[in-house]
Amino acid sequence: MRSLRERRLARCHSVHDLRRTAKRRLPRAVFDFADGGAEDETTLRRNSTGFDRFDLVPKVLVDVADVRINTSILGQQIDLPVILAPTGMNRLFHPDGERAVARAGHRAGTVYTLSSMSSMSIAELAAAAPAGLNWFQVYVWRDRGLVKELFSRCRESGYDALCLTVDVPVLGQRERDLRNGMTMPPRLTAGAILDAAAHPNWWWRFLTYPRPTFSNVIGQGEAGKADASVLGTYVNTQFDPSVDWDDLAWMIEEWGGPFAIKGISRPADARRAADVGVGAVFVSNHGGRQLDAAISAIDALPAIIEELGDDVEVVLDGGVRRGTDVVKALAMGARACAIGRAYLYGLASGGEPGVERALELMEREIRRAMALVGCPDIDDLDASFVRERSDSASRANSLSA
Ligand SMILES: Cc1cc2nc3c(=O)[nH]c(=O)nc-3n(C[C@H](O)[C@H](O)[C@H](O)COP(=O)(O)O)c2cc1C
């Protein structure tokens with residue numbers, strides 16, 4: 001007989017269904033922490049709705065009996081063109097946290113990126129999910145000694161690549177979090193606490209498992225304190241608004257291995273990063289969590305692809321919820337897409353099997369879209385399969401509707 005969880009996940013037929021399930025299962029403050037974006041959430045919305053500006057143009061009478069979607073990124077073979085972006089504090093969503101995400105990712109044959117702000121440390125994650133598909137996301141923190149220490153921990157634990165996030169010179173303002181009191185230190189409002197009480201399963205797990213904290217910086221900040229509010233306050237002081245291109249060069253040299261930069265929206269920045277020596281560029285605005293009104297990732301993609309050509313690999317990161325989103329980005333020239341919220345909704349809906357479900361849905365949708373668009377091989381997805389809607393085309397469609 002199928003368990004309740006299996007039945008719950010089987011009823012989810014898309015990432016949107018997983019989101020609705022996550023919303024029911026999480027206290028509002030926790031759901032909003034994952035779901036929300038900066039200020040008016042314009043960029044958050046446009047990251048997803050931006051895909052609607054592009055149509056797929058199917059080719060017919062093509063043999064699509066076998067569809068191939070495996071590719072490589074930074075020299076690593078992956079079974080589907082979707083990788084797992086770094087997201088902090090995963091144990092808020094499920095006690096298995098980052099371990100569940102990494103394991104499900106590895107089983108699907110793809111890369112997992114551990115966040116600097118993770119609730120599981122570099123070594124713990126590598127021990128729990130040692131598949132040789134682990135990357136680590138870094139910031140250039142004020143304490144460069146700590147940055148170097150994180151690098152050597154990554155080396156010891158066999159991480160394959162580093163990903164430097166560059167869109168957080170200062171913290172963006174997520175107003176849902178402010179309203180709920182999901183701040184550092186937390187100042188949960190009475191409403192948020194009452195709402196959390198209505199989610200006893202979540203509370204039970206929160207209280208009976210070790211409390212999530214910023215595991216990579218335990219031992220920093222106030223001596224002997226390991227709880228999230230103390231370490232979170234410490235981490236917030238570590239974001240350095242003076243970071244520049246010299247710091248990127250320093251990091252690439254210091255690491256000496258495969259290196260990606262995440263948070264690029266301008267072609268000239270992408271070119272400069274390529275010249276400094278990155279192997280992959282994530283076109284990304286931090287999932288709309290930093291600068292609101294920033295250009296959406298999919299809108300920023302074409303000019304960056306045009307600038308870079310084949311010089312470095314490009315990852316589209318932001319707003320991906322459907323296989324057709326991935327197919328559009330790849331047809332426009334991206335090597336792969338990264339997902340954040342899509343797997344977090346899965347994690348909250350059912351732990352590791354929930355993440356597995358998110359990836360399974362994504363893979364099926366990509367395969368189906370490739371077959372329907374008439375392109376059985378990922379390497380043949382080119383610009384002929386996608387067309388930007390012109391205003392007149394949109395108007396024509398709405399008139400004939
Ligand atoms: C809850 C949450 C936490 C995140 N934490 C980090 C982080 O620690 N480091 C980072 O570089 N990006 C972080 N991100 C951004 C993701 O890496 C990714 O860029 C974003 O989620 C992509 O957009 P999507 O959620 O629409 O897929 C976070 C995103 C979310 C939703």
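These are my notebook entries on a predicted model, taken in the order in which I looked things up.

**Entry 1, the ligand shell.** I began with the surroundings of the ligand, where I found 25 residues, of which Ala85, Thr165, Gly287, Gly340 and Arg341 come nearest. Sorting the shell by class gave me nine nonpolar, twelve polar and four charged residues. I then asked which elements give two or more residues to this shell, and noted helix H3 (28–35) and helix H16 (341–373). Of the elements, H16 gives the most, with three residues.

**Entry 2, strand S11.** I turned next to strand S11, residues 336–339, and looked up which way its side chains point: Ala336 and Ala338 go one way, Cys337 and Ile339 go the other way, and all of them are buried. For its pairing, I recorded that strand S4 (residues 82–84) runs parallel to S11 over three bridges, with Leu84 having Ile339 as its bridge partner in S11. Strand S10 (residues 313–317) is also joined to S11 by three bridges, again in the parallel sense, and here I noted Cys337 of S11 as the bridge partner of Leu316.

**Entry 3, two positive phi values.** Most residues other than glycine have a negative phi, and I therefore wrote down the exceptions that I came across. Glu39 has a phi near 45 degrees, a positive value in a residue that is not glycine, and it sits in the loop between H3 and helix H4 (42–49). Met89, likewise not a glycine, has a positive phi of about 50 degrees, and its place is the loop between S4 and helix H5 (97–107).

Are these residues buried or exposed? Glu39 has 16 C-beta neighbours inside 10 Å and so counts as partly exposed, since burial needs 20 or more. Met89 has 22 other C-beta atoms within 10 Å and is therefore buried.

**Entry 4, the packing of H12 and H13.** Two packed helices are described by the angle between their axes and the distance between the axes, so I looked up both quantities for one pair. Helix H12 (residues 245–255) and helix H13 (residues 267–276) pack at an angle of about 35 degrees, and their axes are 10 Å apart. The crossing of this pair is right-handed. From H12 the contact draws on Trp245, Leu248, Ala249 and Ile252, while H13 contributes Arg272, Ala273 and Val276. By class, I noted six nonpolar residues, no polar ones and one charged residue in the contact of H12 with H13.

How values were computed
Residues numbered from 1 in each chain as written. Predicted model: local features only at pLDDT ≥ 70, side-chain atom pairs only at ≥ 80, totals over all residues. Axes fitted to C-alpha atoms, helices over the stretch in contact; angles between N-to-C directions. Left-handed = near helix turned anticlockwise from the far one by under 90°. Contact = placed C-beta atoms within 7 Å. Nonpolar A, V, L, I, M, F, W, Y, C, P; charged D, E, K, R; others polar. Near = placed C-beta within 6 Å. Buried ≥ 20, exposed ≤ 12 C-beta atoms within 10 Å, placed from the backbone. Pairing = 2+ DSSP bridges.
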